[in-house]
Amino acid sequence: MRIAVVGGGPGGLFFAALIRQADPSAEVTVFERNRADDAFGFGVVFSDRTLVGIHEADPVLREALDAHGRHWEDIEVRLKGERIRCGGNGMAAIARRTLLGLLQERARDLGAELRFEAEKSLSELEGYDLVVAADGTSSRIRTAIEQRLEPSVETATAKFIWFGTDYMFDGLTFVHERGPHGVFAVHGYPISADVSTFIVETDEATWRAAGLDAFDVTQPPGPSDEATKAYLEELFAEQIDGHRLLVNNSRWGNFRTRRTRHWYVTEPRPVVLLGDAAHTAHFSVGSGTKMAMEDAIALSAALAKHGDDLPAALAAYESAARPSVEAIQNAARPSLGWWEHFGEYHDAFEPWQFAYHFLSRSITDGRLARRAPDFVRTSHDEWQARHGGSDPLDTPFDLCTWQLPSRVMLVEPDGTAAVGGTGDPLPLRVSVSDAPGPWGARITAPDDETGLAASYARLADLAAVGPVLVTVEGGTAHTRALLTERARLHHDLPALLVDNTLDRDRAVTAVLSGRTDLVGAAADTVAAWEVTR
């Protein structure tokens, strides 16, 4: 079989090595448009939990990380002069250039041919039995057949730029700094003995106010935004002890989450997508290179199993790889969403709650406690110190002239709600079509984020009437949380999150993180929470 791999990144190179290892008779050629030693970006990071399958497939990454990488256990959050650490987050990172060099060597040793400065279109690859598109999120191969693959893209509102620095972070570190134009945040982590990755994010309003929108991002890869480099070196000077930022095609962008309905075609000839060409997930979950390398494992295994039956092999590949990718993308969406709003959280929360809110963005209190018991215990202690020693759901809450004895409300189908099932029900007016009454107003969250603008406008109209409580229900967990937070942080209104799918663990997470003031569900749902206390 003759296989053309378009793209010499980690996914394409790893696939070339694996398929040659599985089938030495396969003729594999990798076409990479850049030079062999080009590497845009600085480092790649892997969590310990994600490395097992890659290590089992081939030792090259494990050996690379052992010899050249950096490993750590803690995440550190820096905010308002405080540094908060959360353990149990084993991760490893390596310089991208180093990893690419080792993967190139491995692919060559196993008999793959590597051609650099060789950009190929699909029409130029006639004669190959299979074309593997590993040419990144802007894949030319995918574009050539996109009507049959049905790709889609969601563009985030947050701005980001990728630097390095000669300041050495201890491990994965999130630094938040309010400057004269707004709030900026850093994802920093070591990738070698003398360099760290330094990714900066901010919102578009801050980016424009700081005058960082002047660089021409349409020019070809290579030049970096030196004005932004100087601005951020000054802003973060104390955080990195006056060290330099390092550039490498460093320019602002908006992260694009890519999904593709079909990962392959078989007619007129077989073409299959791998890695970022098929799917992306926000870098805050650290999974881009990992997903590409896992795709390589799945594709090589499917080809080895099904031999020359390419339709069967490609179907088996997509079936095997897609569930993991979709799970990561689903987890990445609230993580990406957090970065679109972190400036609000920076101003609204104390450092302990900000850190808890951040680290629970894609994980519950219980799961986080199993990973980092000391961090979660400290977060609960901080809550109790401010609320008379009560656990989050048992904490009283002042609502107008009432003091509710807990943060849990029983919500009936007619819209009335009672705390803990006792006392007189609060006469909430819940009709979305009517004007809200003096007690409360209900808003239904949208099923996807395209409906949030209208929901925010509706919430503003409700808030103008001055209800003492806003009830949010329907939609998705993510859109509900965004609306309860907006009620609390923008309109200074108490929020009740209604969700009959909540368990106690997720209810605790919602209240302790500050995503909502109160949680509500049907009586049988709340009764089940007591069983699991």
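This is a short tour of some helices, salt bridges and single residues to select in your viewer. Keep in mind that the model is predicted.

**Stop 1: two helices side by side**

Start by selecting helix α1, residues 10-22, together with α9. Their axes come within 8 Å and cross at roughly 25°. That angle is why α1 counts as roughly parallel to α9. As for handedness, α1 passes α9 in a right-handed crossing.

Now show the side chains where the two helices meet. On the α1 side, pick P10, G11, F14, F15, L18, I19 and A22. Their partners in α9 are T289, A292, M293, A296, I297, L299, S300, L303 and A304.

**Stop 2: a buried acid**

Stay in α9, which covers residues 288-306, and click on D295. Which side chain of opposite charge is nearest to D295? That would be K290, but K290 is 8.7 Å away, and D295 is buried without a salt bridge. Leaving aside residues up to four places away in sequence, D295 touches W263, L274, G275, H279, Y317, A321 and V325. Try colouring that group to see what surrounds D295.

**Stop 3: salt bridges**

Side chains of opposite charge can pair when their charged atoms come close. How many salt bridges does a search of the whole structure find? The count is 30, and here are a few to look up.

- Select R35 and D38: their side chains meet in a salt bridge, 3.0 Å from N to O. R35 is partly exposed, because its relative accessibility is 47%.
- Go on to helix α8, residues 226-235, which holds both E233 and K229. The two sit four residues apart, about one turn of the helix, and they form a salt bridge with the closest N and O atoms 3.0 Å apart. K229 has a relative accessibility of 17%, so K229 counts as buried.
- Next, select E449 and R333, another salt bridge, whose closest N and O atoms are 2.2 Å apart. This pair links distant parts of the chain, 116 residues apart. You'll find E449 in the loop between β22 (440-444) and α14 (452-465), while R333 belongs to helix α10, residues 310-348. Is each partner buried or exposed? E449 is partly exposed at 30% relative accessibility, whereas R333 is buried at 17%.
- Finally, light up D74, E76, R78 and R85 together, since these residues are linked in a network of salt bridges.

**Stop 4: an exposed arginine**

Keep E76 and R78 on screen and add R83, which touches both of them. R83 also touches V77 and Q239, again not counting residues up to four places away in sequence. Look for R83 in strand β6, residues 82-86. R83 is exposed, because its relative accessible area is 52%. If you'd like to try the distance tool, draw a line from the C-alpha of R83 to that of V44: the two are 24 Å apart in space and 39 residues apart in sequence.

**Stop 5: one more pair of helices**

For the last selection, take helix α11 (residues 351-359) and helix α16 (residues 504-512). Their axes come within 9 Å and cross at roughly 140°, so α11 and α16 are oblique to each other. Show W352, Q353 and Y356 in α11, and you can see them meet T509, V511 and L512 in α16.

Definitions and conventions
Residues numbered from 1 in each chain as written. Predicted model: local features only at pLDDT ≥ 70, side-chain atom pairs only at ≥ 80, totals over all residues. Heavy atoms only, no water. Buried < 20%, exposed > 50% of the residue type's maximum accessible area, 1.4 Å probe, protein only. Lys, Arg positive; Asp, Glu negative; His and termini not counted. Salt bridge = Lys/Arg side-chain N within 4 Å of Asp/Glu carboxyl O. Contact = heavy atoms within 4.5 Å. Axes fitted to C-alpha atoms, helices over the stretch in contact; angles between N-to-C directions. Parallel < 35°, antiparallel > 145°, perpendicular 65-115°, else oblique. Left-handed = near helix turned anticlockwise from the far one by under 90°.
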